[in-house]
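Grab your viewer and work through a few exercises on this chain. Each one sets a task, then walks through a solution.

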Amino acid sequence: MNGIETIHLLWNLLAVWLPGAAVGAMIVCTVLLIRRDRYCRKLALAESPEAAEIRALAASGAVTPEEAGKLLAGCNALPAVRETSPLPDLPLKLVSAFGRIYSTMKIVMLAGVFAAFRAVHLAASAPGFRGEYEYRAENLPLLLGVSGAVLILAVLEFIASVRLLHGSFTARNYLIFNWILNFLLIRCALAAFGSPLYFVPAVGAGAYALYVLAFRRGAVRKITAERPEPGRGGRLLTGVAAAAALAAGLCFGSAQYEKLNEFFIVQTNFSSSTGGPAHLEYEKILLIAGTPDPETAKLCELLAAALRAESGTVCEVRGFSSPVPVDDLLRVLPVLVSRREFVPPEPPLPGAAGKLLRLSLRELNPQAAEWNDGLVAFAGRMKDPLCFRLETLTGSHSASFRHKGILIPEGGLSFKGTFLAGSSLGGRRRPLDRLAVQMVRSLRPLRQKRSEEPGIRLPELPLPEVFPVEADFSEFPGLVRLFTGHSLQYGVLAVYRFDLPDAGNFDRLAASLEAQGFERRNDSFADGRIRFEKGDELRIDLYGENRSHFGEIGSRSPFGMLICCADLWRRKAEGADMEFLRRFAGSDPRSFAMAGGIRNLPDAEIPAAFDRLAASGKLTRRQKLHLLRNLSGEKCRRALGERYAVFYRQLEDEILDDFADPGYMGAVGDLLSCTREDPARHEALLARLAPIRATLKLPETPNENGEYVLKARLRRMPFVPSRLLLDLETPGRPPLRLSAALSELPDGTLRVDAMNSSRQGIRPEELGGYHFDAGYGVRRDGGNWEENGWSSSASFLPPGGQILPGRPRPGQLNIRLRFEPGAGEYLIGVIYAP
């Protein structure tokens with residue numbers, strides 16, 4: 001039973017079955033006591049009257065003590081029998097039984113609630129959980145105090161219910177107080193997860209108990225003869241207190257207590273890409289409300305405030321109906337925040353077919369299956385869930401180009417995510433707070449990664465005029481312009497939202513664009529957009545309803561999107577502008593170096609620019625590697641001389657000494673690439689990498705299909721972390737160099753980097769089911785191998801599957817990497833078709 005199933009079971013037991021069992025037990029006890037009503041008198045033995053009279057004579061001096069002793073010894077009178085308390089009648093027995101049943105239910109309920117919270121916490125803490133579980137920890141001491149008090153009172157209630165049948169007046173008074181207190185706490189501390197089924201035993205048993213103990217004729221005499229009956233004023237006070245407590249508990253109890261026992265669940269699908277290797281550092285994030293509802297506007301404000309508080313990011317919020325100026329995309333990152341409708345996963349098919357399908361999906365993709373189970377649990381338990389989409393508007397439109405002698409990587413940052421939040425008690429304000437916090441948490445690793453990578457702050461640059469969009473969008477209903485921007489890459493980037501029609505009318509909108517001379521592309525996009533182009537520069541992307549895949553958050557929107565983009569990067573690159581380069585190098589040495597400007601300076605000016613960079617502060621490893629790529633050419637190596645030698649030697653030592661770094665093989669690949677034109681350093685580097693190197697050779701002769709096939713096992717000790725630099729020798733072709741790495745992440749999961757594929761968050765027990773495939777072909781000039789980027793993949797199959805990859809096309813080589821954790825081995829399968 002996994003964590004989600006445990007939560008389901010506990011929740012159903014506490015919210016439905018426990019109060020139902022309590023009511024059932026009360027009904028059974030009532031029937032049994034009515035059918036088998038037996039009375040048991042409470043008797044006590046007392047001294048006989050004769051013995052008491054003899055002792056009185058001795059006390060008065062009428063007889064001597066010796067005579068009194070003889071008289072007592074000769075007295076054979078039986079002891080007197082006295083009734084200690086009245087016989088408990090049927091109503092009193094029922095009150096005692098109800099009190100014991102209800103107090104036991106409360107004890108079990110409190111233990112079950114804490115077990116459910118713990119189960120949710122464990123499920124949310126499991127590796128690979130793509131969401132957030134939050135409990136209001138700041139109220140935990142108060143909650144523990146209230147719960148502890150309720151637990152103690154429940155134990156005392158059980159004891160008092162037992163003592164009531166023994167004539168205890170104190171037990172009677174306590175039970176009256178306790179039932180009034182139960183009324184006051186009926187919707188909060190005594191109703192697990194707000195289940196109304198708990199009202200039945202509380203109101204029914206409580207009202208009957210108060211009638212029997214306080215309001216019926218002779219209520220006290222039925223318990224003890226030693227106490228007087230309460231007056232009319234006392235009964236009136238008890239009745240008023242009970243009614244007020246019940247009214248307050250039903251009307252206000254939940255509102256007062258929700259801050260204590262409320263918890264939130266936030267589910268997230270989030271992905272990002274940074275492009276690279278360098279990126280622009282934006283001056284401002286523009287949060288755009290993409291839907292007109294007040295929740296979207298509020299979330300934008302909360303998200304902007306959270307980003308400012310955490311990192312000092314400059315954020316601007318643009319409302320749905322706000323004016324739309326033309327923004328500079330070199331300095332502003334537009335981010336769209338839009339409300340979505342949550343679509344719960346389809347329930348599983350009934351019977352054996354549904355069970356088989358569920359098992360198949362879990363076998364093929366266990367993480368997605370568990371994620372789907374989490375969505376089912378979310379849909380069934382959270383009240384009034386909120387769903388939002390967060391996405392950059394420039395993510396799919398990026399390019400790097402040279403401008404005046406520097407490389408400008410524009411539009412490389414891309415992220416998109418669907419966020420789903422709900423509260424156990426409902427309401428929207430608090431889930432909105434949690435959504436903003438979770439969005440910031442999702443962006444935090446991206447921001448941390450970008451802080452370590454080479455960033456570029458551009459100086460003031462003149463931008464071209466906004467490209468005119470000559471198109472008629474009058475056919476699009478409810479069209480609203482959300483954003484307009486331009487830059488060196490974009491002649492224009494204009495984003496519109498429109499009311500999404502049905503499928504037939506949506507085709508009519510596409511036809512209206514074609515009628516204006518836009519050519520519809522036949523490309524298939526994962527997000528379902530339709531692309532139209534007009535000329536060499538202007539294109540329009542038409543977005544309808546995005547459909548989710550298995551293991552993702554299902555959502556839909558009544559709105560479509562229209563993105564108009566004019567690309568200018570195809571124009572001829574401008575040559576180096578020495579005046580601009582010198583001015584940029586003097587004002588911001590770091591950004592200038594990261595933009596590749598140093599290598600375009602005259603030889604005599606390169607050392608001074610390098611020295612200014614060294615004086616600007618410490619560089620991260622990724623920034624150093626990017627700088628090495630820009631300086632590894634013959635021109636810079638010669639101009640820098642010993643400066644370059646010291647810089648390279650320090651960077652090589654820093655990388656090779658940090659073997660456990662998950663990015664180790666990527667950095668080694670950069671070193672090998674940067675020293676390719678420097679044979680002495682290249683050979684020295686390969687010598688230092690000898691412990692992780694291996695060589696495999698394909699057979700000399702092909703098989704009956706004319707293919708060269710190889711299966712190999714390479715043992716790596718230690719297995720985690722482990723590294724592999726593999727040279728694969730192929731008949732009649734240059735060797736193919738491949739790299740692979742297996743690393744452990746701080747959360748205990750694994751990361752695999754293999755042949756330009758990467759997968760992280762792998763649970764150790766699932767590693768044997770992953771396989772990593774790549775395909776390679778010979779360059780058209782007949783030289784070295786090049787990877788077919790579209791054929792790189794990482795997939796999950798049941799452990800023990802096929803080692804060999806799929807059969808390649810002629811002239812191609814396919815390779816597959818798998819792992820056998822128990823033996824500490826890399827399993828490699830190769831098929832080469834000449």
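**Exercise 1. Work out whether D603 is buried, partly exposed or exposed, then trace its salt bridge.**

Step 1: get the cut-offs straight. Buried means under 20% relative accessible area, exposed means over 50%, and partly exposed is in between (1.4 Å probe, protein chains only). D603 has a relative accessible area of 34%, so it is partly exposed.

Step 2: know what you're working with. This is a predicted model, where local features need pLDDT of at least 70 and side-chain atom pairs count only at pLDDT 80 or more, while totals for chains, interfaces and linings use all residues. Residues are numbered from 1 along each chain as its sequence is written, and side-chain values use heavy atoms, with hydrogens and water left out.

Step 3: find the partner. D603 meets R638 in a salt bridge, at 3.4 Å from N to O. The rule asks for a side-chain nitrogen of Lys or Arg within 4 Å of a carboxyl oxygen of Asp or Glu. The two ends are 35 residues apart: D603 is in the loop between α16 and α17 (606–615), and R638 is in helix α19 (residues 634–640). Helices here are DSSP runs (H or I, at least four residues), strands are E runs of at least two, and both are numbered from the N terminus.

**Exercise 2. Find which helices the R621–E654 pair ties together.**

Step 1: check the pair. The side chains of R621 and E654 form a salt bridge, 3.3 Å from N to O.

Step 2: place the ends. R621 belongs to helix α18 (residues 621–631) and E654 to helix α20 (residues 642–656), so the bridge ties together parts 33 residues apart in sequence. E654 is partly exposed at 27% relative accessibility.

Step 3: look for shared partners. Salt bridges link D603, E634, K635, R637, R638, D678 and R681 into one network.

Step 4: look at how α18 is covered. Eight of its 11 residues are buried; among them are L625, H626 and L628.

Step 5: add a contrasting example and the total. R235 and E229 also make a salt bridge, with their closest N and O atoms 3.8 Å apart. R235 is partly exposed at 25% relative accessibility, and E229 is partly exposed at 25% as well. The rule gives a count of 45 salt bridges.

**Exercise 3. Describe what surrounds S591, and say whether S591 is buried or exposed.**

Step 1: S591 is in helix α16 (residues 589–594). With a relative accessible area of 3%, S591 is buried.

Step 2: go through its polar partners. The side chains of S591 and D588 make a polar contact of 2.7 Å. That term covers a pair of N or O atoms within 3.5 Å; within protein, one must be able to donate a hydrogen and the other to accept it, and residues adjacent in sequence count only if both atoms are side-chain atoms. A polar atom of the S591 side chain also lies 2.9 Å from the backbone nitrogen of R457.

Step 3: list the contacts (heavy atoms within 4.5 Å). Leaving out residues up to four places away in sequence, S591 touches G455, I456, R457 and F584.

**Exercise 4. Give the strand order of the seven-stranded open sheet and name the edge strands.**

Step 1: the order is β8-β15-β16-β21-β19-β18-β17, with mixed pairing. Strands pair if DSSP finds at least two bridges between them.

Step 2: the edges are β8 (326–328) and β17 (519–520), each pairing on one side only.

Step 3: zoom in on one pair. β18 (residues 530–534) and β19 (residues 538–543) run antiparallel and are joined by five bridges. R531 stands opposite D541 in β19.

**Exercise 5. Say which strand holds I828, and whether I828 is buried or exposed.**

Step 1: I828 is in strand β31 (residues 825–833). At 4% relative accessibility, I828 is buried.

Step 2: measure across the chain. The C-alpha atoms of I828 and R818 are separated by 6.5 Å, though these residues are 10 apart along the chain.

Step 3: check the neighbours. Not counting residues up to four places away in sequence, I828 touches a set including L696, L710, L724, I803 and L817.
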